[in-house]
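Colleague: I'd like a close look at just one part of this model, the site around the ligand. Please walk me through what surrounds the ligand.

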Amino acid sequence: MSADTPGDPDFIDRTRHAYDAMAEEYAARFPDDALDDLPVDRALLHAFVELVRAAGPAPVADVGSGPGHLTARLDALGVPVFGVDLSPRTVALARRTHPGLRFHVGSMTALDLPDATVGGIVALYSLIHIPDGRLTAVLAEFHRVLVPGGQVLLGFQSGSADGTTERLHLAERFGHPMDLDYHFRAPETVVGHLTKAGLRLSARVVREALDGESRPRAYLLAHKAA
Ligand SMILES: C[S@@+](CC[C@H](N)C(=O)[O-])C[C@H]1O[C@@H](n2cnc3c(N)ncnc32)[C@H](O)[C@@H]1O
């Protein structure tokens, strides 16, 4: 297992390999109606959409879009949106499921997007694969591509309130061997990284874990100064 430090050279390759390996199984667990039973989560997505609309016509990037269910929901809400994901097999699957939507292979560590061109970034359960030492730089990358007034919605499983990042390592999932790290952080820790990256916090919400979930869910809304 590699260390989760800025020197960890291969976390991107390991994450890509893991999601390529489990692309079909992951997609089966997150169909387009995955938010239907999650009214609080859905309300936050809707608040994000309202804020993005107020910021102008620039599109939203769903970063770490996975099977594309959030991309599809944003599209259904009338928001111009595209998905970006590290895993080519996941992107291929998202394209097959949603032929009318755009999905690109790419990494949030170096987005293939010009400066100040997206009106919003939604990153749900994808920052959990970024080690602590890289998190500020990823959020600075979000800041770079956002238009002034652009919005960010982050969602992640909440970690311990004592501020330490809990790491979970998976060597196998759905029967596929892998070498995948998850990093669970307190919302306050992520707020610190957002602030260092130049983004301004608008709201923080934690909802308790539902049946079948092992951790509370944290949502952070932030924006780039207008
Ligand atoms: C747990 S899934 C979440 C998918 C979707 N956002 C959702 O909420 O269901 C994490 C996704 O993030 C992608 N991912 C992980 N690291 C990434 C990176 N550096 N850049 C872009 N996508 C990444 C993975 O390939 C995977 O599809």
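Modeller: A quick word on terms before we start: helices here are DSSP runs of H or I with at least four residues, strands are runs of E with at least two, and both are numbered from the N terminus. Keep in mind, too, that this is a predicted model.

With that in hand, take the stretch that UniProt lists, in an unreviewed entry, as "domain: Methyltransferase", residues 60-150. That span is 35% helix and 27% strand, and its end C-alpha atoms lie 9 Å apart.

Now to the ligand, which sits in the largest pocket. Two elements each give two or more residues to the shell around the ligand: helix 1 (11-21) and helix 4 (69-76). Helix 1 makes the largest share, with three residues.

Altogether, 21 residues surround the ligand, and the closest of them are G64, H69, D85, M108 and L124. Sorted by class, the shell holds 11 polar residues, nine nonpolar ones and one charged residue.

Next, the polar contacts. H69, one of those closest residues, has a polar side-chain atom 2.9 Å from an oxygen atom of the ligand. Y26 also reaches a ligand oxygen through its side chain, where an N or O atom is 3.4 Å away. With L86 the backbone is involved: one of its polar backbone atoms is 3.2 Å from a nitrogen atom of the ligand. As for how covered the ligand is, on its own it has 600 Å² of accessible area, and the protein covers 97% of that.

Key:
Residues numbered from 1 in each chain as written. Predicted model: local features only at pLDDT ≥ 70, side-chain atom pairs only at ≥ 80, totals over all residues. Heavy atoms only, no water. Near = heavy atom within 4 Å. Polar contact = N/O pair within 3.5 Å; in protein donor to acceptor, adjacent residues only side chain to side chain. Areas by Shrake-Rupley, 256 points an atom, 1.4 Å probe, with all protein chains shown as cover. 1 Å grid on protein atoms, 1.4 Å probe; cavity = no way out; pocket = protein on both sides within 12 Å on 5 of 7 lines; lining within 4 Å. Sits in = over half its atoms within 2 Å of the grid points. Nonpolar A, V, L, I, M, F, W, Y, C, P; charged D, E, K, R; others polar. UniProt positions renumbered as here; feature names shortened; annotations may be inferred.
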